[in-house]
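Trainee: I would like a close look at a single part of this model, taken slowly. Could you walk me through one chain?

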Amino acid sequence: MRIRLTLGLTDRPGALLKALEKIAMNGGNIISIIHNREQLAGGYVPVSLSVEFPSSEHFERAKAGIEESGIPVLGTESLERRIETVIIIGSLSVDMLEKVFEGRGEIISLEFGGGSRSPHIRVMFSVSSEDRQAVLEALEELAEKNNCVLVSEEA
Amino acid sequence: MIRCGIVGYGFLGKRLASYLTRYKARGLALTILANSKGYLYSPTGFDSDSLPADIISHSGFRASNPVEVIGRGLVDLLVVLTPTNVYSGEPGLTYVREALKSGVDVVTADKGPLVVAFKELTSLAGSMGVSLCYEATVGGGIPIFSLARHSLRGDRILSIKGILNGTTNYILSRMHFEGLPLDLALQEAQMMGLAERDPSLDLEGIDSACKVVILANALLDLNKRLEDVKVKGITQVTSDAILAAKELGMTIKLVGSIEGGKLSVAPRLVRLNHPLCVHGSLNAIQFKLEILGDLTLIGRGAGESTLSALLSDIEWILAQKEASKGGR
């Protein structure tokens, strides 16, 4: 799983190394490191790391290790994208669907079927694990409002 | 001798009665056959050749409310096979309640009383020191509650999902494999005796929702009612939508689920290689357990297979009685 970790580092040599050790010890593979020196806040330099972890347990252990070594974790964000399919039975406009995904996912394909008598839309989309539930709930609400049925995927 | 009564002498009642006549040698006599209008009584127990085809036209028929039979102390074990009313629970609810109050063990295939008053009835059974068994109410012959009671007792069930209604599963399967529209698949199910003349409880997901309520209360120790289930049935599902799922290696199934304390029934996209993806009138139920992980059971969910569950409950009660006798 790919995670973006934002750490608050003191601007002294060796601080980053301590955090990287904890990540490496837990199987993390670092994809990128960005220092935000101009966003210095409270004496900390926010450092944004994109890391690939073997599992969420590995990530949690690494995060706990970093915090135990005195480095504050200012934020975490899942960069994992899931590809999902839903079928909406009934009729909805493209605009309505696009609104659901604004800022939290991306429509990969929209296929309209069933003609005018029994219309349906097959929607394939990508979404982060964090936003998945909210997107499905928004789709369900939209379907219900428009007398449609949302058929989502069983995990 | 344990005296057993059956309330509800329809197809299932007759089939069960014919099995129970074989239990005489094991100390169980079938002494009461009742329906909502009255009862037949045999103090020594019915035999296979004395079982009537119909009780009302029998010369020994006594018009009475079954509640009176229960109150008179004529039975030690009552099997309730009444028609289901999921909103009032009646008439089964009164029979189950009165039997438990009178210290009578109860086996029921009627979901109604459990959907309406699960906690009340299980607490009543507990306080009276009698058994209330309901294996036949969910998944027909699939041993769900007895499995949980015996084999899964060291583990913890985290979530449950399943295909719990054979009628809708048959309809959706015919739509998937033959491209039939829903109304034709329904007519076919009705012709085969798989769907009621009024199929709304099945199609609208209410029957599945009742089973979800019983599972949640019995296995996850929740206190849920039918109105706590978010229900969406299959009435709007089209064969074109199923075809759109099929193109991606999936199909549409009516799935009941209990996850994170939330109960729902809804049509879902299920991969064709998913363990829950069973076809025809089969039922499937999947537990997620803390230690064991996923466990899926598949079996026939209705009709004669229900007998297997009823007999399993009766055997359990006989074993309990035997054990308590030995302990004395």
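Which pattern does chain A follow when read along the sequence?

Mentor: Happy to help! Please keep in mind that this is a predicted model. Along its sequence, chain A follows the pattern β-α-β-β-α-β-β-α-β-β-α-β. In total, chain A has four helices and eight strands.

Before we go into the strands, let us look at the overall form. The radius of gyration of chain A is 21 Å, while the globule rule gives 15 Å for 155 residues, so chain A is more spread out than a compact globule. You can picture this with a box along the principal axes: the C-alpha atoms of chain A fill roughly 70 × 30 × 20 Å.

How far can we trust the picture? The average pLDDT of chain A is 90, and 97% of the residues score at least 70. Confidence is lowest in strand 4 (residues 73–78) of chain A, with a mean of 86, and highest in strand 8 (residues 149–151) of chain A, with 97. As a general caution, predicted coordinates should not be read in detail where pLDDT is low.

Now for the first piece of architecture. Chain A holds an open sheet of four strands in the order 2-3-1-4, with antiparallel pairing. Strand 2 (29–35) and strand 4 of chain A are its edge strands, and each of them pairs on one side only. If you ignore direction, neighbouring strands of this sheet are turned by 20° against each other on average. It may help to recall that strands of a sheet pair through backbone hydrogen bonds, either parallel or antiparallel.

Let us zoom in on one of those pairs. Strand 1 (residues 2–10) of chain A and strand 4 of chain A run antiparallel and are joined by five bridges. To find the pairing on your screen, start at A:Arg4: its bridge partner in strand 4 of chain A is A:Glu77. Helix 2 (residues 56–68) of chain A packs on this sheet, where it touches strand 1 and strand 4 of chain A. The direction of helix 2 makes about 170° with that of strand 4 of chain A.

Further along the sequence, strand 5 (residues 81–89) of chain A is a good place to stop, with two pairings to trace. Nine bridges join strand 5 to strand 7 (residues 120–128) of chain A, and these two strands run antiparallel. Here A:Glu84 has A:Phe125 of strand 7 of chain A as its bridge partner. Strand 5 of chain A also pairs with strand 8 of chain A, in the antiparallel sense, over three bridges. For that pairing, look at A:Ile88, which stands opposite A:Leu150 in strand 8 of chain A. Strand 8 of chain A is also where confidence is highest in this chain.

Finally, let us see where chain A meets its neighbour. In this contact, 13 residues of chain A meet 17 residues of chain B. On the chain B side, the elements that give two or more residues are helix 10 (239–246), strand 10 (250–259) and strand 11 (262–271) of chain B. By class, the residues on that side of chain B divide into 11 nonpolar, three polar and three charged. For your bearings in chain B, its domain assignment gives domain 1 (2–140 + 305–327) and domain 2 (148–300). The C-alpha centres of these two domains of chain B lie 28 Å apart.

Definitions and conventions: Residues numbered from 1 in each chain as written. Chains lettered and ligands numbered in written order. Predicted model: local features only at pLDDT ≥ 70, side-chain atom pairs only at ≥ 80, totals over all residues. Domains from an automatic or database assignment. pLDDT = per-residue confidence, 0-100. Pairing = 2+ DSSP bridges. Axes fitted to C-alpha atoms, helices over the stretch in contact; angles between N-to-C directions. Contact = placed C-beta atoms within 7 Å. Rg over C-alpha atoms; globule rule 2.2 N^0.38 Å. Nonpolar A, V, L, I, M, F, W, Y, C, P; charged D, E, K, R; others polar.
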